[in-house]
Amino acid sequence: MHGEYKVPGGKLVTVDLEVDESAGVLRHVRVAGDFFLEPDDAFDVLSQALDGAPADTDAAGLAARIDAALPADTVLYGLTTDGVGIAVRRALAHATDWTDYDWQLVHDGPQPPALHMALDEVLTTEVAEGRRPPTLRIWEWGAPAVVIGSFQSLRNEVDAEAAARHGIEVVRRISGGGAMFCEPGNTITYSLSVPDALVQGLSFADSYAYLDDWVLGALGDMGIKAWYQPLNDIATEAGKIAGAAQKRVAGGEGAVLHHVTMAYDIDADKMLDVLRIGREKLSDKGTKSAKKRVDPLRRQTGLPRDAVIERMVESFRTRHGLTAGKVTDEELRRAQELARTKFSSPAWTARVP
């Protein structure tokens, strides 16, 4: 069995192993990768510590075995013992890797907010059923919107009168997480619709970091030092620049929807007028002002929005491969129907009043 895991912000770790079915333990474990560690003798310990481990040990338990066995003066560079544990679990789960797929890019013109919600559901369902390849979809907003999480209270998150005054549509997505303030030209939003096998062996939290890693690399290519901030933020020293959300979709082999909204530019006064941002949320983020929580990419990159998107797409293509694709006529028909019957309906938008 073979498993791979790219440590967020670090290096690739690979694990090859066998399972002794009669005893239910790991055998012939071999850890490798492009990481660094000192002293050299510690390298063999990474593998030896896992030999004989029960095959149902979780990633944290595997990491604990390695920690207990490593010499006290061991220093790991680009590698964590948790990362080794995750690679083992991915091997046991027969997880796939990014490069096992032919990724498709969908980047259409501006579309209504409700249709974007519906496209996420339809395309991810198609990936789950094996009728669509894994897809990176770049959104273009046809109108300003507030997108609230599946489980948020509508009245607690949005000032309805202010939203109406500013001509902002309120829609609810299928994933959890917090409210996002989106305006055409000021927001960069993308979705990843991926097979469940890609995140096998990862905890829910680890899957966020794993699926965000490529965009951290893309930002780094543009001179922005960014990092994943649990559970679902992407941040820099200047502040938060993006928020992510996920939804597991059943059917077929299963799939995961992972979508991210990034602030390219932002009208902070309008955002604060429309969103009811609670004191608890602000204190949790360690700041007294919501204006300080979101730092636009325009200022940090100095690049036009289209150029930022082009560089992100090229970074993904370089890392994982990517070919141009499109939403099929049937997918669009289904999404339009879903946008009308579900995502534009008061019953869904106010499912949590």
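**Exercise 1. The hairpin of β2 and β3**

In the hairpin of β2 and β3, which residue takes a positive phi, and how many residues lie between the strands?

*Solution.* The model under study is predicted.
Step 1. The elements concerned are strand β2, residues 12-20, and strand β3, residues 25-33, which pair in the antiparallel sense over 7 bridges.
Step 2. Within that pairing, T14 stands opposite A32 in β3.
Step 3. The hairpin has 4 residues between the strands, and G24 takes a positive phi near 70°.

**Exercise 2. Confidence of the model**

State the mean confidence of the prediction and identify the stretch where pLDDT stays under 50.

*Solution.*
Step 1. The average pLDDT of the protein is 94, and 95% of the residues score at least 70.
Step 2. Over residues 282-288, pLDDT stays under 50.
Step 3. For residues 282-288 the model has 10 contacts beyond four places in sequence.

**Exercise 3. Salt bridges between separate parts of the chain**

Determine which parts of the chain the pairs R27–D51 and D265–R298 tie together.

*Solution.*
Step 1. The principle is that side chains of opposite charge can pair when their charged atoms come close. With a cut-off of 4 Å between nitrogen and carboxyl oxygen, the count comes to 18 salt bridges.
Step 2. One of these joins the side chains of R27 and D51, at 3.3 Å from N to O. R27 belongs to strand β3 and D51 to the loop between α1 (42-48) and α2 (59-69), so this pair links parts that are 24 residues apart in sequence.
Step 3. For the accessibility of this pair, R27 is partly exposed at a relative accessible area of 31%, and D51 is partly exposed at 33%.
Step 4. In the pair of D265 and R298, the closest N and O atoms are 2.8 Å apart. Because D265 lies in the loop between β15 (255-263) and α8 (268-274) while R298 lies in helix α10 (residues 297-301), the salt bridge ties together parts that are 33 residues apart in sequence.
Step 5. D265 is partly exposed, with a relative accessible area of 22%; R298 is likewise partly exposed, with 41%.

**Exercise 4. A salt bridge within one helix**

Explain the placement of the salt bridge between R333 and E330.

*Solution.*
Step 1. The closest N and O atoms of R333 and E330 are 2.8 Å apart.
Step 2. Both residues lie in helix α12 (residues 329-343), 3 residues apart, which is about one turn of the helix.
Step 3. An α-helix has 3.6 residues a turn, so residues three or four places apart point the same way.
Step 4. R333 is partly exposed at 47% relative accessible area, and E330 is partly exposed at 41%.
Step 5. Elsewhere, salt bridges that share partners join E126, R131 and R334 into one network.

**Exercise 5. Geometry and burial of α7**

Compare the expected and modelled spans of helix α7, and decide whether the helix is enclosed or not.

*Solution.*
Step 1. Helix α7 (residues 204-221) has 18 residues, which at 1.5 Å a residue should span 26 Å.
Step 2. The end C-alpha atoms of α7 are 27 Å apart, which agrees with the expected span.
Step 3. The helix bends by about 40° at D213.
Step 4. Since 13 of the 18 residues of α7 are buried, the helix is largely enclosed by the rest of the structure.
Step 5. Just after α7, G223 takes a positive phi of about 85°.

**Exercise 6. The eight-stranded sheet**

Give the strand order of the open sheet and name its edge strands.

*Solution.*
Step 1. The 8 strands follow the order β12-β13-β14-β15-β11-β7-β6-β16, with mixed pairing.
Step 2. β12 (227-229) and β16 (323-324) are the edge strands, each pairing on one side only.
Step 3. At one edge, β12 pairs with strand β13 (residues 233-236) in the antiparallel sense over 3 bridges. There, Y228 has I234 in β13 as its bridge partner.

**Exercise 7. Two loop residues**

Classify T96 and G130 as buried or exposed.

*Solution.*
Step 1. T96 lies in the loop between α3 (81-92) and β6 (104-107). Its relative accessibility is 18%, so T96 counts as buried, the cut-off being under 20%.
Step 2. Leaving aside residues up to four places away in sequence, T96 touches R90, Y101, A197, L198 and Y210.
Step 3. G130 is placed in the loop between α4 (113-128) and β7 (135-138). With a relative accessible area of 61%, G130 is exposed.
Step 4. The C-alpha atoms of G130 and C182, 52 residues apart along the chain, are separated by 31 Å.

Definitions and conventions. Residues numbered from 1 in each chain as written. Predicted model: local features only at pLDDT ≥ 70, side-chain atom pairs only at ≥ 80, totals over all residues. Heavy atoms only, no water. Pairing = 2+ DSSP bridges. Helix = DSSP H or I, 4+ residues; strand = E, 2+ residues; numbered from the N terminus. Buried < 20%, exposed > 50% of the residue type's maximum accessible area, 1.4 Å probe, protein only. Expected span 1.5 Å × (residues − 1). Bend = angle between axes of the 7 residues up to and from the residue. pLDDT = per-residue confidence, 0-100. Contact = heavy atoms within 4.5 Å.
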